[in-house]
Amino acid sequence: MIETRNEEETRALGAAVGEASEPGDIILLRGHFGAGKTTFVQGLARGLGISDQVTSPSFVIACEYEGRVPLYHIDLWRVEQMDATTLEALAEYFGGDGVCAVEWPDSVPMDLIQEAVRIDITPTGDDQRSLSLDGAPPRLREVFERGAGVRKAVRGGAGAGRRNAPRD
Ligand SMILES: Nc1ncnc2c1ncn2[C@@H]1O[C@H](COP(=O)(O)OP(=O)(O)OP(=O)(O)O)[C@@H](O)[C@H]1O
Ligand SMILES: [Mg+2]
């Protein structure tokens, strides 16, 4: 469980995970509206070396970004019923050579996401979010638990910087 104190810390955590991500990784993001799913994906993109701005896919279910590894940002909020076309598209993304990040993944059939990483984001204050990780391979669990990016990326007053400065 990692606690972030502002959106930049959530992005930094996403970036740390992005740096350690490999083709074929599927990351499912759960959490209510405004929890920070898209914010985390913005970090993922940064970690994958993507400079394009990541926004929510609005009228399509997926946005594709070119990076060290392609990022497929999928948002299934509008998908009430999983139809054959959507299913086919998802299977293609999941079986592809990119990293898939999926918001609102509850309609995805289980057999497609057996190997998926699950991240749950829960607001614990105005700007605080608690992020938990499940089903991740060690390379991703390690960077997530270290929360390395988070501490390094903390910006703010000198006091905040000192408090969060690495000890070594
Ligand atoms: N620690 C934090 N981490 C992430 N976002 C935060 C944090 N603190 C405040 N926020 C704010 O919460 C909002 C998160 O929005 P975001 O679009 O990432 O949510 P979402 O989970 O993708 O929502 P939706 O379900 O509508 O797609 C932003 O306005 C962001 O500034
Ligand atoms: Mg979103």
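**Exercise 1. Locate tryptophan 104 in this predicted model, then describe its backbone and its exposure.**

Solution. Start with the position: tryptophan 104 sits in the loop that runs between β5 (99–103) and β6 (117–123). Next, look at the backbone. Most residues other than glycine have a negative phi. Tryptophan 104 is not a glycine, yet its phi is positive, at about 55°. Finally, count neighbours: 18 other C-beta atoms lie within 10 Å of tryptophan 104, so this residue is partly exposed. A buried residue would need 20 or more.

**Exercise 2. Work out how α1 and α4 are arranged, and which residues make their contact.**

Solution. Two packed helices are described by the angle between their axes and the distance between the axes. Take both in turn. Helix α1 covers residues 7–19 and helix α4 covers residues 138–146; their axes come within 9 Å and cross at roughly 155°. Because of that angle, α1 is roughly antiparallel to α4; the cut-off for this label is over 145 degrees. The crossing of α1 past α4 is right-handed. Now list the participants: α1 supplies Leu13, Ala16 and Val17, while α4 supplies Leu140, Val143 and Phe144. Sorted by class, this contact of α1 with α4 holds 6 nonpolar residues, with no polar and no charged ones.

**Exercise 3. Treat the pair α1 and α2 in the same manner.**

Solution. Begin with the geometry: the axes of α1 and α2 come within 6 Å, crossing at roughly 45°. That angle makes α1 oblique to α2, and the crossing of the two is right-handed. Then turn to the residues. Among those of α1 in the contact are Glu7, Thr10, Arg11 and Leu13, and among those of α2 are Thr39, Phe40, Val41 and Arg46. By class, the contact of α1 with α2 divides into 9 nonpolar, 7 polar and 4 charged residues.

**Exercise 4. Is glutamate 19 buried, partly exposed or exposed? Find its helix too.**

Solution. Glutamate 19 belongs to helix α1. It has 17 C-beta neighbours inside 10 Å and therefore counts as partly exposed. Now check a pair across the sequence: glutamate 19 and valine 143 are 124 residues apart along the chain, with their C-alpha atoms separated by 9.0 Å. Valine 143 has appeared already, in the contact of α4 with α1.

**Exercise 5. Place aspartate 52 and classify its exposure.**

Solution. Aspartate 52 is found in the loop between α2 and β3 (62–65). Its 12 C-beta neighbours inside 10 Å are why aspartate 52 counts as exposed; the limit for that class is 12 or fewer. Along the chain, aspartate 52 and glycine 67 are 15 residues apart, and 9.3 Å separates their C-alpha atoms.

**Exercise 6. Describe the surroundings of ligand 1.**

Solution. Count first: ligand 1 is surrounded by 18 residues, the closest being Thr10, Gly36, Lys37, Thr38 and Thr39. The elements giving two or more residues to this shell are α1 and α2 (37–47). Then sort by class: the shell around ligand 1 has 10 polar, 6 charged and 2 nonpolar residues.

**Exercise 7. Which pattern does the protein follow along the sequence, and what do its totals come to?**

Solution. The protein comprises 6 helices and 7 strands. Reading along the sequence gives β-α-β-α-β-β-α-β-β-β-α-α-α. Of the 168 residues, 36% are buried. For the contacts with a separation of 6 or more, 68% join residues 24 or more positions apart.

Terms used
Residues numbered from 1 in each chain as written. Chains lettered and ligands numbered in written order. Predicted model: local features only at pLDDT ≥ 70, side-chain atom pairs only at ≥ 80, totals over all residues. Axes fitted to C-alpha atoms, helices over the stretch in contact; angles between N-to-C directions. Helix = DSSP H or I, 4+ residues; strand = E, 2+ residues; numbered from the N terminus. Parallel < 35°, antiparallel > 145°, perpendicular 65-115°, else oblique. Left-handed = near helix turned anticlockwise from the far one by under 90°. Contact = placed C-beta atoms within 7 Å. Nonpolar A, V, L, I, M, F, W, Y, C, P; charged D, E, K, R; others polar. Near = placed C-beta within 6 Å.
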